[in-house]
Amino acid sequence: MAAAKKPLVGVLMGSKSDWDTMQHAAATLARFQVAHECRVVSAHRTPQAAADYAQGAAARGLEVVIAAAGGAAHLAGVLAAWTTLPVLGVPIESASLKGLDSLLSTVQMPGGIPVATFAIGKPGAINAALFAVAVLALSDPGLAEKLAEFRREQAAKVLAEKLP
Ligand code: RP5
């Protein structure tokens, strides 16, 4: 049996309730056959586990961390505080403020600890994964070609749209 590939991307979320959104990040990474792992870790409910994950991420071979949270969304920022790996933040659409709270909590980092922040919800989940693919593609020509092909297919699909 072939050994499972070591994950290059960690997909973290503050709650299992974020999976509805973050499954789109996982599916996008799977489409590009990028080895990844998905975990629930909370900046507030499991702060030690969040710190431990980020501190050990590079040593385990991870190259990019995607972090999603909603409301007072501090997960991406806390992970970024503990690792110098690129951290991509996905604001989850919250019930009360439609994700504006998540967006601002994720994007408004102090100078010195960057979090690359994406759109609220599903588009952000997909784009964070595509951005992770782009980062990995810098040192993987095969992956770069897959990304270019994805863009070509996407463009062809748009140009083939027929309106009523
Ligand atoms: C955040 O609180 C999570 O990321 C989630 O988006 C939100 C609500 O969490 P649950 O109450 O559904 O567990 O920490």
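In which handedness of crossing, left-handed or right-handed, does α1 pass α5? The crossing is right-handed. Keep in mind on this tour that the model is predicted.

**Stop 1: α1 and α5**

Select residues 19-31 for helix α1 and residues 122-137 for helix α5. Their axes come within 8 Å of each other. The crossing angle is roughly 30°. Angles under 35 degrees count as roughly parallel, and α1 and α5 are therefore roughly parallel to each other.

Now show the side chains where the two helices meet. On α1, pick T21, M22, H24, A25, T28 and L29. On α5, pick K122, A125, I126, A129, L130, A132 and V133. Colour them by character. The residues of this contact divide into 9 nonpolar, 3 polar and 1 charged.

**Stop 2: T28, then A27**

Stay on helix α1 and select T28. Is T28 buried or exposed? Its relative accessibility is 10%, so T28 counts as buried. Set aside the neighbours within four places in sequence, and T28 is in contact with I126, A129 and L130. Those three residues belong to the α5 side of the contact between α1 and α5.

Step back to A27, also in helix α1. With 48% relative accessibility, A27 counts as partly exposed. Draw a distance from A27 to A137, C-alpha to C-alpha. The two are 18 Å apart in space and 110 residues apart in sequence.

**Stop 3: two aromatic pairs**

How many aromatic pairs are there? The count comes to 2.

Select F32 and F150 for one of them. The ring centres are 5.6 Å apart and the planes stand at 65°, so this pair is edge-to-face. F32 lies in the loop between α1 and β2 (36-40), while F150 lies in helix α6 (residues 141-159). The pair therefore ties together parts that are 118 residues apart in sequence. Switch on the surface: both F32 and F150 are buried.

Next, select F118 and F131. This aromatic pair is edge-to-face too, with 5.5 Å centre to centre and 65° between the planes. F118 is in the loop between β5 (116-117) and α5, and F131 is in helix α5. They are 13 residues apart, and the pair links distant parts of the chain.

Which of these two rings is buried, and which is partly exposed? F118 is buried, with a relative accessible area of 14%. F131, at 39% relative accessibility, counts as partly exposed.

**Stop 4: α2 and α3**

Move to helix α2, residues 47-57, and helix α3, residues 75-82. Their axes come within 8 Å and cross at roughly 50°. That angle makes α2 oblique to α3. The crossing of α2 past α3 is right-handed.

Show the contact residues. From α2, take A50, A51, A54 and Q55. From α3, take L75, V78, L79 and W82. How many of the residues in this contact are nonpolar, polar and charged? They divide into 7 nonpolar, 1 polar and no charged.

**Stop 5: V107 in α4**

Select helix α4, residues 100-107, and find V107. V107 has a relative accessible area of 36%, so V107 is partly exposed. Draw a C-alpha to C-alpha distance from V107 to G56. The two residues are 24 Å apart in space, with their places 51 residues apart in sequence.

**Stop 6: two positive phi angles**

The last stop is about backbone angles. Most residues other than glycine have a negative phi.

Select Q33 in the loop between α1 and β2. Q33 has a positive phi of about 55°, although it is not a glycine. Is Q33 buried or exposed? Q33 is exposed, with a relative accessible area of 56%. F32, from the aromatic stop, lies in that loop as well.

Now jump to K98, in the loop between β4 (87-92) and α4. What is phi of K98 near? Phi is near 60°, a positive value in a residue other than glycine. With 56% relative accessibility, K98 counts as exposed.

How values were computed. Residues numbered from 1 in each chain as written. Predicted model: local features only at pLDDT ≥ 70, side-chain atom pairs only at ≥ 80, totals over all residues. Heavy atoms only, no water. Axes fitted to C-alpha atoms, helices over the stretch in contact; angles between N-to-C directions. Helix = DSSP H or I, 4+ residues; strand = E, 2+ residues; numbered from the N terminus. Parallel < 35°, antiparallel > 145°, perpendicular 65-115°, else oblique. Left-handed = near helix turned anticlockwise from the far one by under 90°. Contact = heavy atoms within 4.5 Å. Nonpolar A, V, L, I, M, F, W, Y, C, P; charged D, E, K, R; others polar. Phe/Tyr/Trp six-rings, centres within 6.5 Å; stacked < 30°, edge-to-face > 60°. Buried < 20%, exposed > 50% of the residue type's maximum accessible area, 1.4 Å probe, protein only.
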